[in-house]
Amino acid sequence: MEKVIRTEKLTFTYSAEEARSFALRKVSLDIEKGTFVAVLGHNGSGKSTFAKHLNGILLPSEGKVYSFGFDTSDPENLINIRRNVGMVFQNPDNQLVATVVEEDVAFAPENMGVPSDEIRSRVDDVLKTVGMEKFKKHAPHMLSGGQKQRIAIAGILAMEPNVLVMDEPTAMLDPVGRKEVMATIHRLNKEKGITVILITHHMDEAAQADRIVVINAGQVTHDGTPREVFAHRKELLDIGLAVPQTVEILDELGLKDVALSVDECCDILEKYLKG
Amino acid sequence: MGEILKLENVSYTYGAGTPFEKTAVKDINLTFNSGDFVAIIGHTGSGKSTLVQHFNALLPPTSGTVYINGEDINQSAATRRAARFACGLVFQYPEYQLFEETVFLDIAYGPKNMGLSEIEVKRRVLAAAEAVGIDALTLEKSPFDLSGGQKRRVAIAGIIAMEPEILVLDEPMAGLDPKGRDEILDMIKNYHDKHKTTIILVTHSMEDAARMANRIVVMCDSSVLLDGTPGEIFARHDLLTKSGLDVPQITSVLIELKNRGYDVDTSVYTIEGAKEQLMKLRGKLC
């Protein structure tokens, strides 16, 4: 598999004077093309700092980050990296720039010098992808949080990136908005083959990923499939994280299985109830 | 327990007479008793934030009346002012409202405006700081040097220092990780246990509402959809899901087991409750 992101002993400290306060410490990770990776960690764990290294918003204090083989520390590479690695942040209100939805989505391709008929087709296309084509003439600030966040995602998609890095894109949304956005992200991953790196502290969102990376105190503590990672309930609790309730109830009942969905949990509970 | 806050036929319309006219709350009748811990829950746009802004006269109802301790709070500037002190409102992301040079001065802002003596202001600041777990050293720091979680606690302390009879918190856990969320929730719970202040917590997390409150009010499309104890509310999971709210995952598990023909109580919303129930059922079946 092609590695789209590679970090080698990535170390980062926010202030040079306090050289010992590492935000990230020797993080070495490979992320393969087309995977859906969830990065878990509590506030202050370094997970957002990690995300900002993937397209060169932050540069390593030590170590290297390669996005599509391009070294992020070389300024000449930044244009190529940012076209390939799009970022979506927590608050959609901070990411929308125009007063009309379709103009907002067109902002990045316009800046990239994409020809105007190509921009038109890209904008229509990505709005359909995120299920917002009916709102193209609307004002972004009149939309709900989930709708706004989908517009922000469309704006990134219009650049046709290969990797989407999302830093808690659902943190400010209600359950309906969260479901809309998560369904959109999964569809992009499955249908368009876009690699997704989702920074989150929602365990149910992480449970749906192909791979979970747990970061604590700037270091990777767990890395594996959701099933592998959630088997370490106690360790996760110790670093301020929880496991999905489907995992918790089985553990409480002394069962060894890890269930990632309600259905799976019920299958296991049925066996338990029958003795 | 006496009645402390009462809403009678309260409606509020934004932008009346313009093309953007929107009725955000419609004909609300609610009574809160002294010492209650109530969670108000609803999806985005359901009207819950508009509703709580009526509790201390920040918004005057388009029609209807709001009473605190039996008195209409929108009669005059004086009654509105009194309502602001009787009912403290902590907004979403309150840390953005910090502005003073030190944490102490920031917490002191509210009580100072109440016209209290310097000694009384100091007493209240120290008590509020203690309630939210801010130590003496931190009081001398600039609020902008604190971590996000600490800033939020300072902002809450600023309201607590006014010693309101009713404390309303709008999404105090938004954007915090599970640990930060637990810290804030524990802090609110301890404060309630100790002071018996009436607490109204606005949230869209069913888990948090269930854990904290003895009563849940569910808002949907500008009206009150459900009002009852957590058990009563979760028994209506069909209505909740339809109105865009989630039931706790563990409740979904029990509902699915019931669908599969097992005799389980689907109004349970905690892991402990589910565990106890499943162990008992196993004992019966085996």
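The exercises below work through a predicted model with chains A and B.

Residues are numbered from 1 along each chain as its sequence is written, while chains are lettered from A in the order in which they are written. Because the model is predicted, local features need pLDDT of at least 70 and side-chain atom pairs count only at pLDDT 80 or more, whereas totals for chains, interfaces and linings use all residues, and side-chain values use heavy atoms, with hydrogens and water left out.

**Exercise 1. Describe the interface of chain A and chain B, starting from its contacts and area.**

Step 1. Taking contact to mean heavy atoms within 4.5 Å, we find that 32 residues of chain A are in contact with 31 residues of chain B.

Step 2. The size of an interface is often given as the accessible area lost when the parts come together. Here the buried area, which is the accessible area (1.4 Å probe) lost by two parts on being put together and summed over both, is about 3000 Å², and carbon and sulfur atoms give 62% of that area.

Step 3. With a salt bridge defined as a side-chain nitrogen of Lys or Arg within 4 Å of a carboxyl oxygen of Asp or Glu, the rule finds four across this interface. One of them joins A:Glu252 to B:Lys275, whose closest N and O atoms are 3.1 Å apart.

Step 4. On the side of chain A that touches chain B, at least two residues each come from helix H6 (175-192), helix H10 (245-252) and helix H11 (262-273) of chain A, where helices (H or I, at least four residues) and strands (E, at least two) are DSSP runs numbered from the N terminus. The largest share, nine residues, is supplied by H11(A).

**Exercise 2. Establish how strand S9 (residues 211-216) of chain A is enclosed and which strands pair with it.**

Step 1. Using buried for under 20% relative accessible area, exposed for over 50% and partly exposed for in between (1.4 Å probe, protein chains only), we find that six of the six residues of S9(A) are buried, so the strand is largely enclosed by the rest of the structure.

Step 2. In a regular strand the side chains alternate between the two faces of the sheet. For S9(A), one side carries A:Arg211, A:Val213 and A:Ile215 and the other A:Ile212, A:Val214 and A:Asn216, all of them buried, and both faces are thus covered.

Step 3. Two strands pair if DSSP finds at least two bridges between them. Strand S3 (residues 36-40) of chain A pairs with S9(A) in the parallel sense over four bridges, and A:Val37 stands opposite A:Arg211.

Step 4. Strand S10 (residues 219-224) of chain A pairs with S9(A) in the antiparallel sense over five bridges, with A:Val214 opposite A:His222. These two strands form a hairpin with two residues between them, and A:Ala217 in the turn has a positive phi of about 45°.

**Exercise 3. Place B:Tyr93 and B:Glu163 in chain B, and decide whether each is buried, partly exposed or exposed.**

Step 1. Most residues other than glycine have a negative phi. B:Tyr93, although not a glycine, has a positive phi of about 45°, and phi of B:Glu163 is near 45°.

Step 2. B:Tyr93 lies in the loop between strand S6 (87-90) and helix H3 (103-113) of chain B, and counts as buried because its relative accessibility is 12%.

Step 3. B:Glu163 is in the loop between helix H6 (148-160) and strand S7 (166-170) of chain B, and is partly exposed, with a relative accessible area of 37%.
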